[in-house]
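Biologist: Please take a close look at one part of this model and follow it outward to whatever it touches. Keep to the geometry, the contacts and the burial.

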Amino acid sequence: MQLWIVIICIVAALILGIGAGVFCGIAYRKRVAEKEIGSAEEEAKKIVAEAIKTAEAKKKEFVLEGKDEVHHFRNESEKEIADRRKEVQRQERRIQQKEETLDRKLDNMERKEDKVSKKLKEADSKLQEIDALKKSQFEMLEKISGYTAEQAKSYLLSQLEDELTHEKSVKIAEYTEQLKEEADEKARNIISLSIQRLAADQVSEATISVVPLPNDEMKGRIIGREGRNIRAIETLTGVDLIIDDTPEAITLSSFEPVRREVARIALEKLIAHGRIHPARIEEMGEKAKREVDATIKREGERAVMEVGIHNIHPELVKLLGRLRYRTSYGQNVLDHSIEVAFLAGMMASELGLDPTVAKRAGLLHDIGKSIDHEVEGTHIQIGVDLARKYKENEAVIHAIQAHHGDVEAKTIVACLVQAADALSAARPGARRENVENYVKRLQKLEEVASSFSGVERTFAIQAGREVRVMVKPEVVNDERMVPLAREICQKIESELEYPGQIKVNIIRESRASDYAK
């Protein structure tokens, strides 16, 4: 029992000793930590104090630098203000001098105005005296001559008009004969030589193409079941198929010649193949289109090579090839363009000019007709736009613009293209006109010639290339005939459109008849 008590006491003593040791260790560490914290605070205070001192020093340095900058800026500003003040003073002195000069000039002007007003008053008084003297002289002249002033004026004007009419007729006749003597022979030689050397074949085409058939049974196969084949052909090509009682033939109708040619080739291929159905129609249509495109390119290149010009844009060459399928009054436009190019080039050579530009302008003058079915505007404007788009020469563009007289021809090349175009169109057999338009043109020609005073009857003859005008002899005398012919020509040129030229022939005839009884 006592042993257990002793053991317990020993354990208790050990525990108390350990607790006392731990307490003493903690107290010691606390004192050490407090000392370290105190030394760290003192060090921090020293660092802060030093930082404050450094900041104060920097602040003073910056303030000094700022004051120096302000002082320097103030000096420069004062100097600039002084310079500007001097400039303003100099300007003020100049303005003051100008004002003084203007004042002196105004004084001089006022003095001159006073002098002029005095002179004007003197002139007015003298004019009044002159008017009075003139009036008295007129009255004296009227008494002596027996005519009033208006009667004398009318008499003098009538005499002067008669003399001028006579002189004008004589001068016109002289100049006309002189021009004929100088120009007729040379122009005749140039034109005849150009036409003789020209070798362009003319092909006349209409708005229809006829496709021959091996037999009439083929018509039914082309029409197809419930018309599906003919509808497929018309839809694909844009061409009307006319199947009537004409034996072994089908007519293709379209105002667009390229589409009509595609339809013709496609139809011929279908007939040759024998099997006709929508799929085959589409296949042959594509083949025909490729063939026509190749032909267009080949024809354009042929035209360029035949005329002998180079460096034409490939797109213009294709457009030239399209003219192979375009006609104007029955004349093939590509052959017409080649003909105009040859004529213009030969006339340029005869005149001693470079024929290259004239040929180029002649070949391209109707290029607008290649797409005038697709683009709005006249073929002249379309052609000018195309030539500008593909960077053609300004001389060529002007010749295209002026070849129908829409604008005044300002170059020799433009005049040559105008003449060559008229020559090609006026050649007998080159063109044909609709009968109704032909009759209307002749009627309009006679109406224009009959609209002048003194004209008794008019007759359009030689297919409208000459108009004979019968005048009243008691109204139109011989001296009036030459000016009347010129006036009729000018009115025809301004109001009518016609190929070539029209001759105006004035006929004045006096007849007297009586009967012997």
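**Helix α6 and its surroundings**

Modeller: Glu 306 has its place in helix α6. The model is a predicted one, and every value below is computed from it. With a relative accessible area of 31%, Glu 306 is partly exposed. Its C-alpha atom is separated by 9.5 Å from that of Phe 342, a residue 36 positions away along the chain.

Arg 280 is another residue of helix α6. Its relative accessible area is 15%, and because the cut-off for buried is under 20%, Arg 280 counts as buried. Apart from neighbours within four places in sequence, Arg 280 is in contact with Leu 270, His 273 and Arg 275. Two of these partners, Leu 270 and His 273, belong to α5 and appear in the contact between α5 and α6, as does Arg 280 on the α6 side.

That contact can be described as a whole. Helix α5 covers residues 257-273 and helix α6 covers residues 278-307; their axes come within 8 Å and cross at roughly 130 degrees. At that angle, α5 is oblique to α6. An angle counts as roughly antiparallel when it is over 145 degrees and as roughly perpendicular when it is 65 to 115, so a crossing at roughly 130 degrees belongs to neither class. The crossing of α5 past α6 is right-handed. On the α5 side the contact is made by Val 258, Glu 261, Val 262, Ile 265, Ala 266, Lys 269, Leu 270 and His 273, and these meet Arg 280, Ile 281, Met 284, Gly 285, Ala 288, Lys 289, Glu 291, Val 292 and Ile 296 of α6. Sorted by class, the residues of this contact are ten nonpolar, two polar and five charged.

Glu 261, one of the α5 residues in that contact, also takes part in a network of salt bridges with Arg 264 and Glu 268. Side chains of opposite charge can pair when their charged atoms come close. Within the network, Arg 264 and Glu 268 meet through their side chains in a salt bridge, at 2.8 Å from N to O. Arg 264 and Glu 268 are four residues apart in helix α5, so about one helical turn separates them. Neither end of this bridge is buried: Arg 264 is partly exposed at 21% relative accessibility, and Glu 268 is partly exposed at 34%.

Helices α5 and α6 also meet a further helix. The buried residues of α7 pack against α5, α6, α8 (333-350), α9 (355-364) and α10 (379-389). Helix α7 spans residues 314-322, and its buried residues are Leu 316, Val 317, Leu 319, Leu 320, Gly 321 and Arg 322.

Two of the helices around α7, α8 and α9, also cross each other. Their axes come within 7 Å and cross at roughly 160 degrees. This angle is over 145 degrees, and α8 and α9 are therefore roughly antiparallel to each other. Their crossing is right-handed. From α8 the contact takes in Ser 337, Ile 338, Val 340, Ala 341, Ala 344, Gly 345, Ala 348 and Ser 349, and from α9 it takes in Pro 355, Ala 358, Lys 359, Gly 362 and Leu 363. The class totals for the contact of α8 with α9 are eight nonpolar, four polar and one charged.

Some context from the rest of the protein follows. The protein has 14 helices and eight strands. It contains 517 residues, of which 29% count as buried. Of the contacts between residues at least 6 apart in sequence, 62% join residues at least 24 apart.

A search of the whole structure finds 16 salt bridges. Among them is a bridge between Arg 508 and Asp 478, whose closest N and O atoms are 2.9 Å apart. This pair links distant parts of the chain, since Arg 508 lies in strand β8 (residues 503-508) and Asp 478 in helix α14 (residues 478-495), 30 residues apart. Arg 508 is partly exposed, with a relative accessible area of 29%, whereas Asp 478 is exposed at 52%. Glu 466 and Arg 468 form another salt bridge, with their closest N and O atoms 3.2 Å apart. Glu 466 counts as buried at 5% relative accessibility, while Arg 468 counts as partly exposed at 36%.

Key:
Residues numbered from 1 in each chain as written. Predicted model: local features only at pLDDT ≥ 70, side-chain atom pairs only at ≥ 80, totals over all residues. Heavy atoms only, no water. Axes fitted to C-alpha atoms, helices over the stretch in contact; angles between N-to-C directions. Parallel < 35°, antiparallel > 145°, perpendicular 65-115°, else oblique. Left-handed = near helix turned anticlockwise from the far one by under 90°. Contact = heavy atoms within 4.5 Å. Nonpolar A, V, L, I, M, F, W, Y, C, P; charged D, E, K, R; others polar. Salt bridge = Lys/Arg side-chain N within 4 Å of Asp/Glu carboxyl O. Buried < 20%, exposed > 50% of the residue type's maximum accessible area, 1.4 Å probe, protein only.
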